[in-house]
Amino acid sequence: MSLQDLAGSNTGKPAVCAASAPFDDASADTVLRTSDNVDFRVFRWFLKGMSPFFDDLFALPQPPGSISTDPILMSEPSSVLETLLRLHYPFPQPLTFSSFDDAKPVLAAAHKLQLTRIEPVLHRATLPYITENPLRAYGFALRHGMEDLVRLAAREFLMVQDFAAVQDSDELEGLSVAAYRRLLVYRQSCIVHLRQQDECIWAVPNTSWTCYACLSCVRHSTECSSRRRLSSAPDSNVDFRCAYCGTAAWFQQYMRQVAQGLSVTPSAAVIKDSGFITEAVAEAHKRCLGPCHTLAYEHMQRYTDELHNRVERIISEVQLEIK
Ligand SMILES: [Zn+2]
Ligand SMILES: [Zn+2]
């Protein structure tokens, strides 16, 4: 089998033309010809470094008489190949897609060519469309055996509130009932696991946050460090006894909203719900003339970062079954 045969077929195409710089280097030792007949001149060492796919390709014995610059026929169009090659060049332009349909051929080609190094970049660029319709991305990724993308889509699916509002798509048509059921089981497992780990979410590592330390909002025990010292910024040198003094009422309201939110959409995004945070801070302003009045906003921004990471970690412990 020749390199040409392995890389794909190519018939009835426009006249061959050269790719633009830097893929027109005459000294390059390999030519990749795309499905729309554009020749990309690339160095073999560069391709080998990109993926095991090319490594294996070049390791194949070649027919007698063939030379290394015989074009390798690719089944991808030039737009897709150029995107993928450029991402491997130093200082690539930031990648953006205009839609999920725009991202699909690039994702599929990268998966086929085993370009694992750029996978995170591709996923990041696709994320807005995965968030928009996680079921579609789930179906697409399952069909192509892209495990990481399947898990990413499942994770975004946790945020879906209205299942009926998920837009229809070809990928949805192709999704098996069993695969959809596994997604629902995963979502339910996240809800249950978060409920079981509730104490872990709210475990207090540092009692200098004003929602725990405020002398006006929280009734502190006589031995509590907060009665003696109220730091405006959290430090690691605090007395953990304050963890048992309780929390400000305005913060309890936020905790209740988060618990309710996580029981419906088990995603760390609930922690950062701007409605919940704004309401809590407004309450703190209204109810407390002490430290919460001035510190609640800043502390909530920072404390919810911590909480967000904790919830992310807890959700990561739940595994989606993929078949
Ligand atoms: Zn205390
Ligand atoms: Zn207060």
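The following is a conversation about a predicted model of one protein chain.

Biologist: What does the secondary structure of the protein chain come to?

Modeller: The protein chain has 16 helices and four strands. Of its 323 residues, buried ones make up 32%. Among contacts between residues at least 6 apart in sequence, 67% join residues at least 24 apart.

Biologist: Why is Val318 called partly exposed?

Modeller: Val318 has 19 other C-beta atoms within 10 Å. Buried needs 20 or more and exposed needs 12 or fewer, so a value in between is called partly exposed. Val318 is therefore partly exposed.

Biologist: Where is Val318 found, and what does Val318 touch?

Modeller: Val318 is in the segment after helix 16. Leaving aside residues up to four places away in sequence, Val318 touches Tyr186, Ser189, Cys190 and His193. The C-alpha atoms of Val318 and Arg187 are separated by 9.1 Å, although the two residues are 131 apart along the chain.

Biologist: How do you know that the span of helix 6 agrees with what it should be?

Modeller: Helix 6, residues 119-132, has 14 residues, which at 1.5 Å a residue should span 20 Å. The expected span takes one less than the number of residues. The end C-alpha atoms of helix 6 are 20 Å apart, so the span agrees.

Biologist: Where does helix 6 bend?

Modeller: Helix 6 bends by about 50 degrees at Thr126, and Pro128 follows within four residues. Thr126 is also one of the buried residues of helix 6, along with Leu122, Ala125, Tyr129 and Ile130. What covers these buried residues includes helix 5 (100-112), helix 7 (134-143) and helix 8 (147-157).

Biologist: What does helix 14 reach from its first C-alpha to its last?

Modeller: Helix 14, residues 249-264, has 16 residues and reaches 23 Å, close to the 22 Å expected at 1.5 Å a residue. Its buried residues are Trp250, Phe251, Tyr254, Val258 and Leu262.

Biologist: What makes the buried residues of helix 14 line one face?

Modeller: Seen down the axis of helix 14, the buried residues fall within an arc of 110 degrees, so they line one face of the helix. In general, an α-helix has 3.6 residues a turn, so residues three or four places apart point the same way. On the other side of helix 14, Arg256, Gln260 and Val264 are exposed. Cover for the buried residues of helix 14 includes helix 10 (177-196), helix 12 (210-213), helix 15 (274-287) and helix 16 (291-316).

Biologist: How do you know that strand 2 and strand 3 pair, and in which sense do they run?

Modeller: Pairing needs at least two bridges. Four bridges join strand 2 (residues 30-33) to strand 3, and the strands run antiparallel. Among the partners, Leu32 is matched with Phe40, and Val31 stands opposite Arg41. The two strands form a hairpin with four residues between them, and Asn37 in the turn has a positive phi of about 65 degrees.

Biologist: What makes the pairing of the sheet mixed?

Modeller: The open sheet of four strands has the order 1-3-2-4. Strand 2 and strand 3 run antiparallel. Strand 1 (residues 17-18) pairs with strand 3 in the parallel sense over two bridges, with Ala18 opposite Asp39. Strand 2 and strand 4 also run parallel, joined by two bridges, and Arg33 has Leu73 as its bridge partner. Both senses occur, and the pairing is mixed.

Biologist: Why is one side of strand 1 and of strand 4 left without a neighbour in the sheet?

Modeller: Strand 1 and strand 4 (72-73) stand at the edges with a single partner strand each, so one side of each has no neighbour in the sheet.

Biologist: Which side chains of strand 3 are buried?

Modeller: Along strand 3, residues 38-42, the side chains alternate. Val38, Phe40 and Val42 point to one face and are buried, whereas Asp39 and Arg41 point to the other and are not.

Biologist: Which residues have the most contacts inside the largest nonpolar core?

Modeller: They are Tyr138, Ala141, Ala153, Ala248 and Cys292, in a core of 74 residues. Helix 16 gives the largest share of this core, nine residues. Beyond residues up to four places away in sequence, Ala141 touches Met146, Leu149, Val150 and Ala153.

Methods. Residues are numbered from 1 along each chain as its sequence is written. Chains are lettered from A and ligands numbered from 1 in the order in which they are written. This is a predicted model: local features need pLDDT of at least 70, side-chain atom pairs count only at pLDDT 80 or more; totals for chains, interfaces and linings use all residues. The arc is that of the directions from the helix axis to the C-beta atoms. Two residues are in contact if their C-beta atoms, placed from the backbone, lie within 7 Å. The bend at a residue is the angle between axes fitted to the seven residues ending there and the seven starting there. A nonpolar core is a set of buried Ala, Val, Leu, Ile, Met, Phe, Trp, Tyr and Cys residues joined through C-beta atoms within 7 Å.
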